[in-house]
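I set out to record, entry by entry, what I looked up in this structure. The entries concern pockets, buried parts and unusual backbone angles.

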Amino acid sequence: RLQAQGLLVGDGNGDLRLEDTLTRAELACLLSPISLNPEHVAWETDWYTRMCTINFNDVPEWAQVAVGVCASMGLMAGYGDGRFGPSDPVSPQMACTVMLRYLERDGWEYTTACDKAAELGLAPAEVLEGDAITRGDMAILLTGSLDYLAYLQTL
């Protein structure tokens, strides 16, 4: 489903590498197209690139627009010293924090983000365990979050 929507893209061979650890740059690339209208982002590519490069000195060119979008939307931030850490692994807490910010949910903090995500049904608790989230587990969390958002729009 995420592939069909153009959200989850494989490597040059089409391999989704679902068992690989998700990086912060990859997370930004997953979030950018759901956070803002892609046509708007395409129109303002230079602005989002500048938003990234002004704030972070370590983001590869292929991720700059996505990181700029996520930073401007308040979904992701750097380490406060000019670094974004694009190759750093994403912890389950970080993934849940970002998705709860995207969904504008409250009643949680970083240490309880995974519990809140499981409570909302965004992903099973066992998917949200460990030190780093895999690309496959993030696909589950992202799908659950999009389903939850669709549910909220019916209320």
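The entries below follow the order in which I looked things up.

**Entry 1: the model.** I noted before anything else that this is a predicted model.

**Entry 2: the largest pocket.** I began with empty space. Rolling a probe the size of a water molecule over the atoms shows where such space is left. I found about 250 Å³ of space in the largest pocket. Its lining consists of 14 residues, and those nearest the centre are Leu7, Val9, Glu26, Cys29 and Arg135. I then asked which element gives the most to this lining. Helix 1, residues 24–35, does so with 4 residues. Sorted by class, the lining of the largest pocket holds 8 nonpolar, 2 polar and 4 charged residues.

**Entry 3: the second largest pocket.** Here I read a volume of about 170 Å³. The residues lining the second largest pocket include Ile34, Ser35, Met73, Gly74, Arg101, Glu104 and Leu152. Helix 1, helix 5 (92–102) and helix 7 (135–152) are the elements that each give two or more residues to this lining. By class, I recorded 7 nonpolar, 2 polar and 3 charged residues in the lining of the second largest pocket.

**Entry 4: helix 4.** I next looked up which residues of helix 4 (residues 64–72) are buried. They are Gln64, Ala66, Val67, Gly68, Val69 and Cys70. Among the elements covering these buried residues are helix 1, helix 2 (38–43) and helix 3 (45–55). Just after helix 4, I noted that Gly74 has a positive phi of about 75°. Gly74 also appears in the lining of the second largest pocket.

**Entry 5: the largest nonpolar core.** I counted 44 residues in this core, and Met76, Met138 and Leu141 have the most contacts inside it. The elements that give two or more residues to the core are helix 1, helix 4, helix 5, helix 6 (113–119) and helix 7. Which of them supplies the largest share? Helix 5 does, with 7 residues. I followed Leu141 further, leaving aside its neighbours within four places in sequence. Leu141 is in contact with Ala95, Cys96, Met99, Ala117, Leu122, Ala123, Leu128 and Ile133.

**Entry 6: Thr23.** I found Thr23 in the segment before helix 1. Is this residue buried or exposed? Thr23 counts as buried because its relative accessible area is 19%, and the cut-off for buried is under 20%. Its side chain reaches the backbone oxygen of Pro86 at 3.5 Å. Not counting residues up to four places away in sequence, Thr23 touches Pro86, Ser87, Asp88 and Val90.

**Entry 7: positive phi outside glycine.** Most residues other than glycine have a negative phi. I therefore noted two residues of another kind on account of their positive values. Arg17 has a phi near 50° and lies in the segment before helix 1. At 27% relative accessibility, Arg17 counts as partly exposed. Glu104 has a phi near 55° and is placed in the loop between helix 5 and helix 6. With a relative accessible area of 66%, Glu104 is exposed, since the cut-off for exposed is over 50%. Glu104 is also one of the residues lining the second largest pocket.

Terms used: Residues numbered from 1 in each chain as written. Predicted model: local features only at pLDDT ≥ 70, side-chain atom pairs only at ≥ 80, totals over all residues. Heavy atoms only, no water. 1 Å grid on protein atoms, 1.4 Å probe; cavity = no way out; pocket = protein on both sides within 12 Å on 5 of 7 lines; lining within 4 Å. Points joined across faces, edges and corners; volume = space filled by probe spheres on them. Nonpolar A, V, L, I, M, F, W, Y, C, P; charged D, E, K, R; others polar. Buried < 20%, exposed > 50% of the residue type's maximum accessible area, 1.4 Å probe, protein only. Contact = heavy atoms within 4.5 Å. Core = buried A, V, L, I, M, F, W, Y, C linked by side-chain atoms within 4.5 Å. Polar contact = N/O pair within 3.5 Å; in protein donor to acceptor, adjacent residues only side chain to side chain.
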